[in-house]
Amino acid sequence: MQPLTNTSANAATKPVFISLDGIDGAGKTTHLNAIQTWFTEQNMPFIMTREPGGTPLGEQLRSLLLDPKTQVSNETECLLMFAARQQHLQDVIVPALQQGTHVISDRFTDATFAYQGGGRGLPWEKIAQLEQWVQNGIQPDLTIILDVPLDVSLERIERSREKDRFEQEQSAFFQRVREAYHARVAAHPERYVIINAHREREEVKADVIAAVNRLMQNQGANT
Ligand SMILES: Nc1ncnc2c1ncn2[C@@H]1O[C@H](COP(=O)(O)OP(=O)(O)OP(=O)(O)O)[C@@H](O)[C@H]1O
Ligand SMILES: [Mg+2]
């Protein structure tokens, strides 16, 4: 798979790839809805997708990966994440971008660095090798990291639903995941916006939409 090139003659229509990430319960799904509304109001073509998942195979892998009954090594867990991601890029993300459709994904590779790297302890170099192989240079134009303290994350998870295989981990796991997100932002600040999501929804939403707006203006897509 080749890296994506902008085939559009009109820079005003250059599609963007946005991912939303952060620890469980940070508010990704909540604020994806706000982004969806924004793109709809702007009358811009877009798709919403998610990881792991986004394709029939990816969704099957997601079910396995999130199922508390699944027994899997850390390495296999990481490889399955990238297997799902390859299919997702090939079948969904790259074709959408090539057609001029904006792509918004609930999680992407930062989650692998955070959960399989930070949480499980796999070396980032190994994950970076898989990233290079599978993505071949394709990266989100913008990654919004929603950041909440651990106790807020755990409290929101408790409140909202039954815990999946990752959510059953101990708080030390989530602490490492959160720290890994911070380290990702520090290592590549140009691609990220980190937002304090431990505030009123409307305040968080305003920051999320402002970040999307800035990106679109930079891309010349808002004119
Ligand atoms: N700013 C906020 N203040 C209070 N509650 C919030 C806020 N944002 C989200 N919530 C609530 O917290 C819970 C988790 O939010 P949400 O499902 O959007 O998180 P998530 O990041 O998508 O979680 P997951 O990673 O598990 O999918 C939901 O019940 C949601 O309504
Ligand atoms: Mg969610």
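Which element gives the largest share of the shell around ligand 1? In this predicted model, that element is helix 1, and its share comes to three residues. I would like to start there and work outwards, going from the ligand to the pocket, then to a cavity, and finally to two details of the backbone.

Around ligand 1 there are 16 residues, and the closest of these are Lys28, Thr29, Thr30, Arg161 and Arg199. Helix 1, which runs over 28–41, is joined by helix 6, at 150–160, as an element that supplies at least two residues of this shell. If we sort the shell by class, nine of its residues are charged and five are polar, while two are nonpolar.

Let me take some of the contacts individually, since they show which parts of the protein meet which atoms of the ligand. Lys28 places a polar side-chain atom 2.6 Å from an oxygen atom of ligand 1, and in the side chain of Glu167 an N or O atom is found 3.3 Å from an oxygen atom of the ligand. With Arg199 the contact is made through the backbone, where an N or O atom lies 2.8 Å from a nitrogen atom of ligand 1. As for cover, the ligand taken alone would expose 630 Å², and the protein buries 79% of that area.

Now to the space itself. Ligand 1 occupies the largest pocket, whose volume is about 820 Å³. This pocket is lined by 35 residues, and those closest to its centre are Asp24, Gly25, Lys28, Thr29 and Arg161. Two or more lining residues come from each of helix 1, helix 2 at 56–66, helix 3 at 74–98, helix 4 at 109–119, helix 6, and helix 8 at 201–218. The lining divides by class into 17 charged, eight polar and 10 nonpolar residues.

How many cavities of 30 Å³ or more does a search of the whole structure find? The search finds one, and the space in this largest cavity is about 40 Å³. Its lining is made up of Gly22, Ile23, Ile145, Leu146, Asp147, Val148, Arg178, Tyr181 and His182. Strand 4, at 142–147, and helix 7, at 171–187, each contribute at least two residues to that lining. By class, five of the lining residues are nonpolar, two are polar and two are charged.

I will end with the backbone, where two places deserve a look on the screen. The peptide bond that leads from Glu51 to Pro52 is cis, with an omega near -15°, and Pro52 belongs to the loop between strand 2, at 46–50, and helix 2. Asn43, for its part, has a phi near 60°, which is a positive value in a residue other than glycine, and Asn43 sits in the loop between helix 1 and strand 2.

To return to the opening question, then, helix 1 provides three residues of the shell around ligand 1, and helix 1 also gives two or more residues to the lining of the largest pocket, which is the space that the ligand takes.

Key. Residues numbered from 1 in each chain as written. Chains lettered and ligands numbered in written order. Predicted model: local features only at pLDDT ≥ 70, side-chain atom pairs only at ≥ 80, totals over all residues. Heavy atoms only, no water. Near = heavy atom within 4 Å. Polar contact = N/O pair within 3.5 Å; in protein donor to acceptor, adjacent residues only side chain to side chain. Areas by Shrake-Rupley, 256 points an atom, 1.4 Å probe, with all protein chains shown as cover. 1 Å grid on protein atoms, 1.4 Å probe; cavity = no way out; pocket = protein on both sides within 12 Å on 5 of 7 lines; lining within 4 Å. Sits in = over half its atoms within 2 Å of the grid points. Helix = DSSP H or I, 4+ residues; strand = E, 2+ residues; numbered from the N terminus. Nonpolar A, V, L, I, M, F, W, Y, C, P; charged D, E, K, R; others polar. Points joined across faces, edges and corners; volume = space filled by probe spheres on them.
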